[in-house]
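Notebook open, coffee poured. I want to walk through this model and jot down what I look up as I go.

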Amino acid sequence: MEIKPQLEPGWLEALQEEFRKTYFAQLKQFLVEEKRQHLVFPPGKLIFNAFNSTPFQNVKVVILGQDPYHEPGQAEGLCFSVPDGCPFPPSLVNILKELQADLGCPFPRSGHLEKWTRQGVLLLNATLTVQAHRAGSHQGKGWETFTDAAIQALSSQKSGLVFLLWGNFAQAKSRLIDTGKHHILRAAHPSPLSAYRGFFGCRHFSQTNQILESQGMAPIDWDLSTPLS
């Protein structure tokens, strides 16, 4: 049986074969059972938010996370992002500190990263759901196969993308990316455990813009303290 979620048309076309595969049907059944017994984040309508916020044809930059935030009110389907009014998780605080050091952007009031997605920054977690209060609880259930297919589709069908791979988990995804066509920037993960071991000072935001501009593409306005003009 083919199971198609509500997905932006470009992504739906790029990933249509995945919905026909056995693993995706098994993943859907796993989620049905999980939701019967537990609270699952993010809400169903936001599970595919990364794809719907950044249409396939618009992707210029990819930031990879691992799995959604697992406490109430945090997860919104975009890696590292939280809704307006939500306290900033530690990794997001460190991302914003590096942004401030790199480009001088003021520290924003909100950790909602929609402004980035509207400019072609795909904020993709490898796993798209999680059980409340249990980090990593939905890993190994099929989501990684699906999001790997998304990375491979970008790699094969587009060119000149900038992939920001923070931490060992994200860097392992480099095997899916054609480095003859795309750019990879690597750094330590922004979590408090590793940020001082190579994330702070990486200057990935300015480097990304330099790469985009060298290809004749518009740079990203990373400043979250002002609306997108």
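**Entry 1: helix α8 and what it packs on**

I started with the buried residues of α8, which pack against β2 (61-65), α4, α5, β5 (162-166) and β6. Worth writing down right away: this is a predicted model. Which residues of α8 are buried? I get H204, F205, S206, T208, N209, I211 and L212. A reminder to myself on helices: with 3.6 residues a turn, positions three or four places apart point the same way.

Then I checked both ends of this helix. R203 sits in the loop between β6 (183-187) and α8 (204-214). R203 has a positive phi, near 55 degrees, and is not a glycine. Is R203 buried or exposed? Neither: its relative accessible area is 40%, so R203 goes down as partly exposed. On the other side, just after α8, G216 has a positive phi of about 80 degrees.

**Entry 2: the whole chain**

Next I zoomed out. I count 8 helices and 6 strands in the chain. Reading from the N terminus, the order is α-α-β-α-β-α-α-β-β-α-β-α-β-α. Why call the chain as compact as a globular protein of its length? Because its radius of gyration is 17 Å, close to the 17 Å that the globule rule gives for 229 residues.

I also took the spans of the C-alpha trace along its principal axes, and they come to about 50 × 35 × 35 Å. As for burial, 55% of the 229 residues count as buried. The exposed surface of the chain is about 10,500 Å², with carbon and sulfur atoms supplying 49% of it.

I then looked at how far along the sequence the contacts reach. Taking contacts with a separation of 6 or more, 66% of them are between residues 24 or more positions apart.

**Entry 3: pocket and cavities**

Now for empty space. Rolling a probe the size of a water molecule over the atoms shows where such space is left.

How much space lies in the largest pocket? I noted about 490 Å³. The largest pocket is lined by 23 residues, and the closest to its centre are D67, Y69, F80, S91 and H189. By class, I have 9 nonpolar, 11 polar and 3 charged residues in this lining.

I searched the whole structure for cavities too, and there are 3 of 30 Å³ or more. The largest cavity has a volume of about 40 Å³. Its lining is made up of D67, P68, Y69, A75, E76, G77, L78, C79, F80 and N125. That lining splits into 6 nonpolar, 2 polar and 2 charged residues.

I put the two lists side by side. D67, Y69 and F80 are among the residues closest to the centre of the largest pocket, and D67, Y69 and F80 also line the largest cavity.

**Entry 4: T117**

I picked T117 in helix α5. Buried or exposed? T117 counts as buried, because its relative accessibility is 2% and the cut-off is under 20%. Which residues does T117 touch, apart from its neighbours within four places in sequence? I find S53, T54, L78 and L123. L78 rang a bell, as it is also in the lining of the largest cavity.

**Entry 5: two prolines**

P42 is in the loop between β1 (40-41) and α3 (49-53). I checked the peptide bond from F41 to P42, and it is cis, with omega near -10 degrees.

P106 is in another spot, the loop between α4 (90-103) and α5 (114-117). P106 has a relative accessible area of 42%, so I wrote partly exposed. Setting aside neighbours within four places in sequence, P106 is in contact with Q100, D223 and S225. How far apart are the C-alpha atoms of P106 and P42? I get 28 Å, for two residues 64 apart along the chain.

**Entry 6: one more positive phi**

Last stop was H133, in the loop between β4 (130-131) and α6 (143-157). H133 is not a glycine, yet its phi is positive, about 70 degrees. I logged H133 as exposed because its relative accessible area is 52%, and exposed here means over 50%.

Methods:
Residues are numbered from 1 along each chain as its sequence is written. This is a predicted model: local features need pLDDT of at least 70, side-chain atom pairs count only at pLDDT 80 or more; totals for chains, interfaces and linings use all residues. Side-chain values use heavy atoms; hydrogens and water are left out. On a 1 Å grid over the protein atoms alone, a cavity is a set of points where a 1.4 Å probe fits but cannot get out, and a pocket is an open set with protein on both sides within 12 Å along at least five of seven lines; lining residues have an atom within 4 Å of a point. Grid points are joined across faces, edges and corners, and a volume is the space filled by probe spheres set on the points. Ala, Val, Leu, Ile, Met, Phe, Trp, Tyr, Cys and Pro count as nonpolar, Asp, Glu, Lys and Arg as charged, and the others, Gly among them, as polar. Helices (H or I, at least four residues) and strands (E, at least two) are DSSP runs, numbered from the N terminus. The radius of gyration is taken over C-alpha atoms; the globule rule is 2.2 Å times the number of residues to the power 0.38. Buried means under 20% relative accessible area, exposed over 50%, partly exposed in between (1.4 Å probe, protein chains only). Contact means heavy atoms within 4.5 Å. Accessible areas come from the Shrake-Rupley method with a 1.4 Å probe; for residues, only the protein chains shown count as cover.
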